[in-house]
Amino acid sequence: MSASTDSDRALEIFRREVRAWLEANCPPEMRQPVVDESDICWGGRRAQFKNEAQRVWLERMAERGWTVPEWPKEYGGGGLSKDEARVLREEMAAMKCRPPLTSFGISMLGPALLKYGNEQHKREHLPKIARGEIRWCQGYSEPGAGSDLASLKTRADDAGDHFIVNGSKIWTSYGDKADWMFCLVRTSFTGKKQEGISFLLFEMATPGITTRPIRLISGYSPFTQTFFDNVKVPKENLVGERDKGWTIAKYLLTHERNMIGAMGTQRVTPVSQLAIRHIGLANGRLAEPVLRTDIARFEMDALAFSLTMTRVTDEARAGNETGAMSSMLKYFGTELNKRRAELVMSVAGSEGLKFGDAAGEAQLAAMWLRTKANSIEGGTSEIQLNIIAKNVLRLPGA
Ligand SMILES: Cc1cc2nc3c(=O)[nH]c(=O)nc-3n(C[C@H](O)[C@H](O)[C@H](O)COP(=O)(O)OP(=O)(O)OC[C@H]3O[C@@H](n4cnc5c(N)ncnc54)[C@H](O)[C@@H]3O)c2cc1C
């Protein structure tokens, strides 16, 4: 019997076990498409579960380490191989299981700590991320440092066994809900601006930190401006070397961009189904030929992108860094998500104009407006195109 047959069989056995476990443990309510923000479980000390099913689903998955299937077991992960993790993803998708936990800890900080954190950072923070106990926010952007992130001015001054942090961050997503922040601070004011940045972790409850909500056109207030006034941060909370945080910052951004790009593949009600519901059929086809063409083109692009995303995710999990490729995924995925929202608004007609807090389609207009921010957050589309021109296409003059 060949080795590949052995591993195929082992994987098939694993698949059957996973299927049976999911069948027995994923509550029916967690097998429905995500409709609004409250369907997403972010965890954290102040986690508010929408219902008991959401809480139980997180608890059961975390118990197995399957909130972060490929992280090592000693850090709260499932210790799965990339093939096993793919099987788990496939079985969850087939059963329409929702992700048990969504967090910046999982999608951004975790990968950075696994690569650059010391043993103490990993043991302290990763298991709490995996179990959804601590919710993290990202302190990168500042009023004068968005696209030109390396111009950041929030400073951390050396005060013996700790740093004193002063300054402010802006657009801090869920800054008022997070327990901890991963933050870029300036520790040197001489030389190249990229070379004086450090990567610091601290509790949001530390004295001297305040947040002020920022309200969006969509009506949501998902982020804050965050102020630091003589905030004392122990030196052991520095990740990597002092003044060398830029490398970690950029590595984390590739994970953030993959995560945002993946919005183009999210499992939601297909536009064609919504169109049939709102517009209806004529002779077995959507009774609106122009929209029919646009929807077909969108669904083909979405499928192709989803397959590309799966391939790249598998490669990344096999140890091939996505690097500048993450800019391509981010660019295309966010444009795709915006196209979807435009189509949904077109098919929904006057229903799409409803704007409110009610669940489901009453929020269509707010969701459509929210997608506009997809091509800004995590670095704008223009910046992604610059990166693609320079680092992927290597165009002259880029
Ligand atoms: C929904 C949302 C959530 C966010 N969450 C967070 C968060 O949690 N933490 C955090 O730190 N930040 C967060 N951000 C901030 C985000 O990273 C910045 O908004 C983004 O990097 C752009 O920076 P800016 O807003 O300062 O725009 P600017 O940098 O001022 O850009 C303004 C315009 O100029 C263009 N531009 C700038 N430079 C160039 C260039 N070199 N070439 C071509 N065009 C250029 C940009 O594309 C843009 O259109 C979030 C933003 C949004 C919208």
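The following exercises, each with a worked solution, concern a predicted model of a protein with a bound ligand.

Residues are numbered from 1 along each chain as its sequence is written. Local features need pLDDT of at least 70 and side-chain atom pairs count only at pLDDT 80 or more, whereas totals for chains, interfaces and linings use all residues; side-chain values use heavy atoms, with hydrogens and water left out.

**Exercise 1. The ligand shell**

Task: Determine which residues come nearest to the ligand and which element supplies the largest share of the shell.

Solution:
1. A residue is near the ligand if one of its heavy atoms lies within 4 Å of it. There are 20 residues around the ligand, and Ser141, Ser147, Trp171, Thr380 and Glu382 come nearest.
2. Helices (H or I, at least four residues) and strands (E, at least two) are DSSP runs, numbered from the N terminus. Strand S3 (162-173) and helix H11 (381-392) each supply at least two residues of the shell. The largest share, 4 residues, comes from S3.
3. For the classes, Ala, Val, Leu, Ile, Met, Phe, Trp, Tyr, Cys and Pro count as nonpolar, Asp, Glu, Lys and Arg as charged, and the others, Gly among them, as polar. The shell has 7 nonpolar, 10 polar and 3 charged residues.

**Exercise 2. Polar atoms at the ligand**

Task: Identify the ligand atoms that face the side chains of serine 147, serine 173 and asparagine 386.

Solution:
1. For serine 147, a side-chain N or O atom is 2.6 Å from an oxygen atom of the ligand.
2. For serine 173, the partner of a polar side-chain atom is a nitrogen atom of the ligand, at 2.7 Å.
3. For asparagine 386, a polar side-chain atom lies 3.0 Å from a nitrogen atom of the ligand.
4. On its own, the ligand has 970 Å² of accessible area (Shrake-Rupley method, 1.4 Å probe; for residues, only the protein chains shown count as cover). The protein covers 66% of this area.

**Exercise 3. Salt bridges within and between helices**

Task: Establish how the partners of three salt bridges are placed in the helices.

Solution:
1. A salt bridge is a side-chain nitrogen of Lys or Arg within 4 Å of a carboxyl oxygen of Asp or Glu. The count by this rule is 26.
2. Arginine 86 pairs with aspartate 83, with the closest N and O atoms 3.2 Å apart. These two are separated by about one helical turn because they are 3 residues apart in helix H3 (residues 82-94).
3. Arginine 339 pairs with aspartate 301 at 3.0 Å between the closest N and O atoms. Arginine 339 belongs to helix H9 and aspartate 301 to helix H8 (residues 289-317), so this bridge ties together parts that are 38 residues apart in sequence.
4. Lysine 338 pairs with glutamate 335, the closest N and O atoms being 3.6 Å apart. Both lie in helix H9, 3 residues apart, and are therefore separated by about one helical turn.
5. Salt bridges that share partners join Glu12, Arg15, Arg19, Lys82, Asp83, Arg86, Glu90 and Glu91 into one network.

**Exercise 4. Buried or partly exposed?**

Task: Classify lysine 338, glutamate 335 and glycine 352.

Solution:
1. Buried means under 20% relative accessible area, exposed over 50%, and partly exposed in between (1.4 Å probe, protein chains only).
2. Lysine 338 has 17% and is therefore buried, whereas glutamate 335, at 26%, is partly exposed.
3. Glycine 352 stands in the loop between H9 and helix H10 (364-371). Its relative accessibility is 0%, so glycine 352 counts as buried.

Definitions and conventions: Polar contact = N/O pair within 3.5 Å; in protein donor to acceptor, adjacent residues only side chain to side chain.
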